[in-house]
Amino acid sequence: MQNLNTWYQQQTAAGNLTFDQAQLELLNQLDVFLDNFASLNFITRLWRKDHKLGYYIYGDVGRGKSMIMNSMYQFTQSSRKIRLHFHEFMHEVHQKMAQMHNIDDPLASIAKDYKQRYDIIYLDEMHISDIATAMIMKRLLESLFANQIYIVTSSNYHPDNLWPNGLMRERFLPAIEVIKDRLNIVSLNSQQDYRLINDSINQLFIIQQPDSSSQLDAIFNAINLDNQSNHDVTIEVCQRELPCIKHGSDIIWFDFAIICGDMRSQLDYLELVQKFKWFIISDIPLLTIDKKDFARRFTWLIDILYDSNSKLALSTTVPLKDIYCQGDFANEFERTISRLEEMQTHEYLEKT
């Protein structure tokens, strides 16, 4: 029977992946985990001695975490599994909580509901970015683990570095201890950022050019093949009006100040990627320290566009790497720049 090791050897031999010893060592470890998981049934899961219920895989951007998560999900021998982006998962949890009234422990109820459907949940890119999520993480994780639900997640950060400067971080620290206690914490120590290998760049990112508006207009017209478009209108997102420069049936164009401005949230972006495949964002400026909220929303937006394989064109007044260099989220913003670099490639555009 094929496992992660043999699959990886085949992929590297065929030239589909670049061999990396750190990746192979981690895959070997995960093969053992998957073999053990496949051998467990309901009774043995209840009485097993090992109280670890999954993996937390962390490492710098572009090291292959998502590739490993995807392949691991495919080789999990169970139909009771799901893979979600962490943002998407927490959006679902918050929605469920909002619908519950007069329930003493809503998170325990939510965890029982998940257990009816899943034995293992894969969560890509765990990243705590709002206080509402930070405050419920401990109880949510405890409830999931109490129901013997396995969690496999990836992150750019060691658990100790989650929500580092967040409001009331001391109340989030117990959630970190739950993660470290119940999950195997492993680092992917690859030295290569694989997003930087391919340099086949498209012409959809307009950087520091005075005629950026006309160039984006040409891109819009080339993509909007049905020639149906609405100019300077609003669309309804999350039951609120959201102005856009124009949109077609599958493409929408926003001014940066609008799409990343006040009142926008991850919920808006999650709904938008369900409606449109192509996005244009114009006039991305230099984000100074006092614009950290714009930087945070931009990070959310790119995360969600990237995870849904949405396509992007944009214009900026500064080089990508200089958009947000100083401020509370400057280190996290490096991930956003890395994703933007990948989203420029033809290989990314070919993804469905």
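These exercises walk through two sheets, two unusual backbone angles and some salt bridges in a predicted model.

**Exercise 1. In what order do the strands of the five-stranded open sheet stand, and which strands are at the edges?**

Step 1. Read the order across the sheet: β2-β3-β4-β1-β5. The pairing is parallel.

Step 2. Look for strands with a single partner. These are β2 (81-85) and β5 (184-187), so one side of each has no neighbour in the sheet.

Step 3. Check the twist. Neighbouring strands of this sheet are turned by 15° against each other on average, direction ignored.

Step 4. Zoom in on one pair. Strand β1 (residues 54-58) runs parallel to β4 (residues 150-155), and five bridges join them. Tyr55 has Val152 in β4 as its bridge partner.

Step 5. Add a helix. Helix α2 (residues 21-39) packs on this sheet and touches β1, β3 (120-124), β4 and β5. The direction of α2 makes about 160° with that of β1.

**Exercise 2. Describe the six-stranded open sheet and the helices that pack on it.**

Step 1. Give the order: β6-β11-β10-β9-β8-β7. Here the pairing is mixed.

Step 2. Find the edges. β6 and β7 (230-237) each have a single partner strand, so one side of each is left without a neighbour in the sheet.

Step 3. State the turn between neighbours. The average is 30°, direction ignored.

Step 4. Pick a pair. Strands β9 (residues 251-255) and β10 (residues 278-284) pair in the parallel sense over five bridges. Within β10, Ile281 is the bridge partner of Phe254.

Step 5. Place the helices. α9 lies across β6, β8 (240-247), β9, β10 and β11 (311-316), at about 160° to β9. Helix α11 (residues 266-275) touches β7, β8, β9 and β10, and its direction makes about 120° with that of β7.

**Exercise 3. Trp163 and Gln208 have positive phi values without being glycines. Where does each lie, and is each buried or partly exposed?**

Step 1. Take Trp163. Its phi is about 50°. Trp163 sits in the loop between β4 and α8 (173-182).

Step 2. Apply the cut-off: buried means under 20% relative accessible area. Trp163 has 10% relative accessibility, so Trp163 counts as buried.

Step 3. Take Gln208. Its phi is near 55°. Gln208 is in the loop between β6 (205-207) and α9 (212-223).

Step 4. Check its accessibility. The relative accessible area of Gln208 is 48%, so Gln208 is partly exposed.

**Exercise 4. How many salt bridges does the structure hold, and how are the residues of some of them placed?**

Step 1. Start with the idea. Side chains of opposite charge can pair when their charged atoms come close.

Step 2. Give the total: 21 salt bridges.

Step 3. Examine Asp113 and Arg117. Their closest N and O atoms are 2.8 Å apart. The two residues are four apart in helix α6 (residues 106-117), so about one helical turn separates them. Asp113 is partly exposed at 26%, and Arg117 is partly exposed at 33%.

Step 4. Examine Arg139 and Glu142. Their salt bridge spans 3.7 Å, N to O. They are three residues apart in helix α7 (residues 131-146), again about one helical turn.

Step 5. Extend the picture. Asp105, Lys138, Arg139 and Glu142 are linked in a network of salt bridges.

Step 6. Finish with Asp268 and Arg264. Their closest N and O atoms are 3.3 Å apart. Asp268 and Arg264 are both buried.

Notes: Residues numbered from 1 in each chain as written. Predicted model: local features only at pLDDT ≥ 70, side-chain atom pairs only at ≥ 80, totals over all residues. Heavy atoms only, no water. Pairing = 2+ DSSP bridges. Axes fitted to C-alpha atoms, helices over the stretch in contact; angles between N-to-C directions. Contact = heavy atoms within 4.5 Å. Buried < 20%, exposed > 50% of the residue type's maximum accessible area, 1.4 Å probe, protein only. Salt bridge = Lys/Arg side-chain N within 4 Å of Asp/Glu carboxyl O.
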